[in-house]
Amino acid sequence: MKDKILIVGFSLTGIAAAKYLSDYYNVYLTESAQRKDENSETAAELEKLGVKLEFGLHSGEFINGAKFAIISPSIARDSEILKKLEQNNIEYFSDIEYVFRHIKNQDKPKMIVVTGTNGKTTTTLLMSHIFSKVFNAPCCGNVGTSPFDCLYSNPDYLVVEASSYQLNYSKELAPKIAVFCNLTPDHLSWHGGIEGYFEAKAAIFRRMDKNSNAILNFDDERVRNLAKDLKCSVHFFALDKSELDCIDNNCYVYDGAIYYGDEKITDISKVPIVGNHNLQNVMACIIAAKAENIDTDTIKSAIESFSAPAHRCEFIRMLDGTAYYNDSKATNPEAAIVAINSFEGKKTVLIAGGRDKNTSLSEFIELVKQRISKVVLIGEATERFREELYAEGYTNIVHAQSLEEAIDLASLDKPDVVLLSPACASFDMFKNYEERGEAFRRYVLSKKQLVSR
């Protein structure tokens, strides 16, 4: 007789887990929100597989007797459903955690986990792109594909983008390879502060053994210092060779090229994604590929054929001498700082604003003063951003009522670059950052010439 398990959340995570696990367990899926018409087709598919569904509550009937529960990563740590699971001594964890426990004693797939604040998606996609030249190595996790969906193809590797939420609910996860891109303040209220946020990510590295490889950002002090606590092999990537005590098995930038140890991998001019942050992402992927014995020619050609993911410093087009970049994924000031740094020496107009996360703007404003010729503000954050910019002496600011108007206003100065890097969430004007980025792309591609007044 099959054991009963519980899936919490009618989400991408929950649906994929329920489908895959229905062959092995009696699956009960519980969702606190009411059932919606658009859920009907998926719900019917799950019910055909034998999955029991409930909407609008988390009932005792579904919870009682469950062997374990897989939860959607967005569920708050103090939610009632987690309290109920704890009261009933039901262990709960993320989908990534379940898959890791399922595969950890097998030869494959091996798990590669990419975490950090910014750059996770680009690193994950590039990692998968490189590894897929040699292996079956799909990307999954926070990029929008469940690891359960990848298991059907018998992969050699799972390249997993892991958010701090997912890692918080992963208590045994210790991957073969893990990358820590960087750490800046984000999701602090959810984790109870910067230390809780850091620990959610750092814990997987501390569990890794001598047969595993940790790949750390040497340029980020907190991430670099994590190496002191680790039992696994540690590799660094750095933007400056001179900062490294040892170059063996590490990656760095030197004389216009990226090196791994003494070996030149590729010229920076041939890397198709812009900015120092993307050089760091590339270096992390090189180290991982080298750790798994992928040859240099394969790594080089894969890097040079890679395309930037949507909404992450994504080049849209040139128009009348101006380059338009969509960095809608920059939903906090730290991410916007990274994007702005990518265009040093160029006349850049920044489109910023949206739903304010109320994090500090100090470093963001200092960089704007140095490198941004004009700021166009949109959305709910306009007033605070304007006031703080003015207070620090930056006054070349204009306001727009829509993203389209912001693009027109940004284009008037005929800058080298128009950069959408909002430093804010999108929810005041758009459903998500993807919708905001698509609106930017659509309007920029529709423009015939610069607006003149």
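A residue counts as buried when its relative accessible area is under 20%. By that cut-off, buried residues make up 57% of the 453 residues in the chain. The model is a predicted one.

**Overall form**

The chain holds 18 helices and 20 strands. For 453 residues, a compact globule would have a radius of gyration near 22 Å; the chain has 23 Å, so the two agree. Among contacts between residues at least 6 apart in sequence, 65% join residues at least 24 apart. Carbon and sulfur atoms account for 44% of the accessible surface. The charged side chains number 52 positive and 63 negative. The centres of these two sets lie 2 Å apart.

| Whole-chain quantity | Value |
|---|---|
| Radius of gyration | 23 Å |
| C-alpha box along the principal axes | roughly 70 × 55 × 40 Å |
| Accessible surface | about 19,300 Å² |
| Distance between charge centres | 2 Å |

**The cores**

The largest nonpolar core has 61 residues. Which of them touch the most other members? They are Met111, Phe148, Phe205 and Leu216. Helix α1, residues 12-21, gives the most to this core, with 6 residues. Another core lies apart from it and has 35 residues. Ile130, Cys181, Ala288 and Ala302 are among the members of that other core.

**Around Val99 and Met111**

Val99 sits in helix α5, which spans residues 95-103. Its relative accessibility is 0%, so Val99 counts as buried. Beyond its neighbours within four places in sequence, Val99 is in contact with Met111, Pro147, Phe148, Leu151 and Leu158. Two of these partners, Met111 and Phe148, are named above for the largest core. Leu173 is 74 residues from Val99 in sequence, yet their C-alpha atoms are 9.3 Å apart.

Met111 has its own set of contacts, again leaving out residues up to four places away in sequence. Met111 touches Ile96, Val99, Phe100 and Ile103. It also touches Leu158, Val160, Leu173, Pro175, Lys176 and Ile177. Leu158 thus appears in the contacts of Val99 and in those of Met111.

**Helix α14**

How many of the 9 residues of helix α14 (residues 333-341) are buried? The count is 7, so the helix is largely enclosed by the rest of the structure. The buried residues are Pro333, Glu334, Ala335, Ala336, Ile337, Ala339 and Ile340. Their cover includes three strands, β17 (348-353), β18 (372-378) and β20 (417-420). Helix α15 (362-371) is also part of that cover.

Technical notes: Residues are numbered from 1 along each chain as its sequence is written. This is a predicted model: local features need pLDDT of at least 70, side-chain atom pairs count only at pLDDT 80 or more; totals for chains, interfaces and linings use all residues. Side-chain values use heavy atoms; hydrogens and water are left out. Helices (H or I, at least four residues) and strands (E, at least two) are DSSP runs, numbered from the N terminus. The radius of gyration is taken over C-alpha atoms; the globule rule is 2.2 Å times the number of residues to the power 0.38. Buried means under 20% relative accessible area, exposed over 50%, partly exposed in between (1.4 Å probe, protein chains only). Contact means heavy atoms within 4.5 Å. Accessible areas come from the Shrake-Rupley method with a 1.4 Å probe; for residues, only the protein chains shown count as cover. Lys and Arg count as positive and Asp and Glu as negative; His and the chain ends are not counted. The place of a charge is taken as NZ of Lys, CZ of Arg, CG of Asp or CD of Glu. A nonpolar core is a set of buried Ala, Val, Leu, Ile, Met, Phe, Trp, Tyr and Cys residues joined through side-chain atoms within 4.5 Å.
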